[in-house]
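Reader: I would like a close look at one part of this model, taken slowly. Please start where the two chains meet and work inward from there.

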Amino acid sequence: MPTRITDDAFEYLIARAGLTLTDAEKAELKTVCDGIAAMAERVRKPRGRMAEPALTYGFAEEDL
Amino acid sequence: MSTTIPTIAQAAKQIAAKQLSPVELTQACLERVQALDNRLHAFIRLTEERALAEARAAEAAIMASGPSGPLHGIPIGLKDIVDTKSIATTCQSKLLQDNIPDSDATCAEKLAAAGTVLMGKLTTHEFADGGPSFDLPWPPARNPWNTDHFTAGSSSGTGAAVASGMILCGIGTDTGGSIRGPAALCGIAGLKPTYGLVSRAGVAPAAFSLDHIGPMAWTAEDCAIMLQALAGHDPRDPASANRPIPDYRAALGGGIMGLKIGVIHHFHETDHKVSAGTQHGITAAIATFRELGAEIREVQLSPLQDWVACGSLISIVERAAAYEEWARTRLPDFGERMRSRLMLSAFVSGVDYLQAVRRRRELRAELQAAMAGLDVVLTAVLPGEAPKIDDVPKWDVFQQPSFMMPFNVAGYPAMSVCSGFGAGGLPVAIQLVGKPFQEATVLRIADAFEKATAFRDHRPSFT
């Protein structure tokens, strides 16, 4: 599967993550990073700015 | 069922009546390990001396004052991501092959307190992810129904060991299906409880907000017995729920007349079409539930792919956060599959993660609304029978949306129940999903199904 990510962007993201990869690992990773991008698009819905994440929490009695 | 492999319920009854000795039972399990595990690779480490010592102690206590409960003297195994004091806990990884914890995980502690006999530590996928892998210090577990085939994972050793009768029950963990998948492919029962019901303390994380610990055994009744010992509040786990614990076993046997079961047809018929054998198992199970008096309804949820995208993004990021230090400094020491999973995190931004967590709230609300008026929902566990072990795709997360991940995303209790055998003679399963903390209902329906069918009578033939 051809990837939409540029080589420069790919190298930047790998470096930013602090990973040191072989050329073979990079080549394989390029075949799946569009799959990640598709997942990231799929979780975006028109929900407005007020929609809370699942990890929003409140203080319980035992926290006080 | 083979008379040589009792369920926990059967063994407990015989032990209480002093017709079965925990030492004899443990020795029988050890003999099966010696005979089978060179082919199954279910154990990373066998604790034979400890098991015999614990069995002797259990026997002495039972002879003196009777069993303390149904798990007293029962041989068990722990997935090797569960910390065990003074016993190596490796996570099946080169990185931890010499790791000796100085304390027990809460689940190990609770099972020990219930009087179980620890047979050893069980094979997993490295850090409970990826797999099957052939480049780790230990080989992957093999399916006891056909050793050329996969067990699923990551509680692979637990699935193989329970199905083959090397142990009567074991601990599994489940971040996206790691209890239910091996339970399905190995033909046993496996329950992922509600998030927070069973403590995660002392268990290596895969993804903090998706991780669940739960029982794997031959029957739903045995899972109920095990869950009774495992459930309960633990201040060592920040996600631990503080709720009253019902009597799970007492909920069994009352029939399911009038209970309402919703079927998520589109998950397994459209979103990810299952094999003919798995579909037959689902259709026949629905007919059985109708005969038992349950009402069947149809349930519509967001596409399976939405749930899987949400869970996968969360899982990728939380795993990468947990193992970032080693990923940056010792990446080549991970096996290939775990290494690849860790690399994926480079392509998920902070905003991507949080959009997934916002989506999670919406999806959970959707499931809650869909289950109003229902007792459980039903779908597949896996798309078919166990594939060949050397034919498991590395990037299946992008190719085959999981039927199990939705219920890690929601945190709802979900169980794999054997629903027959496919064209290849290997087990297939249905998944029953309950409302939060309604494990008793899930177990009741699973138990009724097992007792109405003959699938619990059939063990892998070589045992």
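Reader: In which sense does α3(A) pass α10(B), in a left-handed or a right-handed crossing?

Author: The model is a predicted one, and what follows describes that prediction. In it, α3(A) passes α10(B) in a left-handed crossing. The residues that make this contact are A:M39, A:A40 and A:R42 on the side of α3(A), and B:Q305, B:D306, B:A309, B:S312 and B:L313 on the side of α10(B). Sorted by class, the residues of this contact are four nonpolar, two polar and two charged. Helix α3 of chain A covers residues 33-42, and helix α10 of chain B covers residues 304-322. Their axes are 9 Å apart and the packing angle is about 110°. Angles of 65 to 115 degrees count as roughly perpendicular, and α3(A) and α10(B) are therefore roughly perpendicular to each other.

This crossing belongs to the contact between the chains, in which 25 residues of chain A touch 27 residues of chain B. On the chain A side, the elements that give two or more residues are α1 (7-16), α2 (23-30) and α3 of chain A. Of these, α3(A) gives the most, with six residues. The side of chain A that touches chain B has 16 nonpolar, three polar and six charged residues.

Moving into chain B, there is an open sheet of eleven strands with mixed pairing. Its strand order is β1-β3-β2-β4-β6-β5-β10-β11-β9-β7-β8 (chain B). At the edges stand β1 (43-46) and β8 (295-298) of chain B, each with a single partner strand, so one side of each has no neighbour in the sheet. On average, with direction ignored, neighbouring strands of this sheet are turned by 30° against each other.

Within the sheet, strand β6 (residues 212-217) of chain B is mostly covered, since six of its six residues are buried. One partner of β6(B) is strand β4 (residues 169-174) of chain B, which runs antiparallel to it and is joined to it by six bridges. In that pairing B:G172 stands opposite B:G214 in β6(B). Strand β5 (residues 189-192) of chain B also pairs with β6(B) in the antiparallel sense, over two bridges. There, B:G190 has B:M216 of β6(B) as its bridge partner.

A parallel pairing is found elsewhere in the sheet: strand β7 (residues 260-263) of chain B and strand β9 (residues 376-380) of chain B are linked in this sense over three bridges. B:I261 stands opposite B:V376 in β9(B).

Helices lie on this sheet. Helix α3 (residues 48-65) of chain B lies across β1, β2 (75-79) and β3 (117-122) of chain B, and runs at about 155° to β3(B). α5(B) packs on the sheet as well, touching β1, β2, β3, β4 and β6 of chain B, and its direction makes about 155° with that of β4(B).

Helix α5 spans residues 156-163 of chain B, and eight of its eight residues are buried, so this helix is largely enclosed by the rest of the structure. Those buried residues are B:S156, B:G157, B:T158, B:G159, B:A160, B:A161, B:V162 and B:A163. After α5(B) comes B:G165, with a positive phi near 75°.

Notes
Residues numbered from 1 in each chain as written. Chains lettered and ligands numbered in written order. Predicted model: local features only at pLDDT ≥ 70, side-chain atom pairs only at ≥ 80, totals over all residues. Buried ≥ 20, exposed ≤ 12 C-beta atoms within 10 Å, placed from the backbone. Helix = DSSP H or I, 4+ residues; strand = E, 2+ residues; numbered from the N terminus. Axes fitted to C-alpha atoms, helices over the stretch in contact; angles between N-to-C directions. Parallel < 35°, antiparallel > 145°, perpendicular 65-115°, else oblique. Left-handed = near helix turned anticlockwise from the far one by under 90°. Contact = placed C-beta atoms within 7 Å. Nonpolar A, V, L, I, M, F, W, Y, C, P; charged D, E, K, R; others polar. Pairing = 2+ DSSP bridges.
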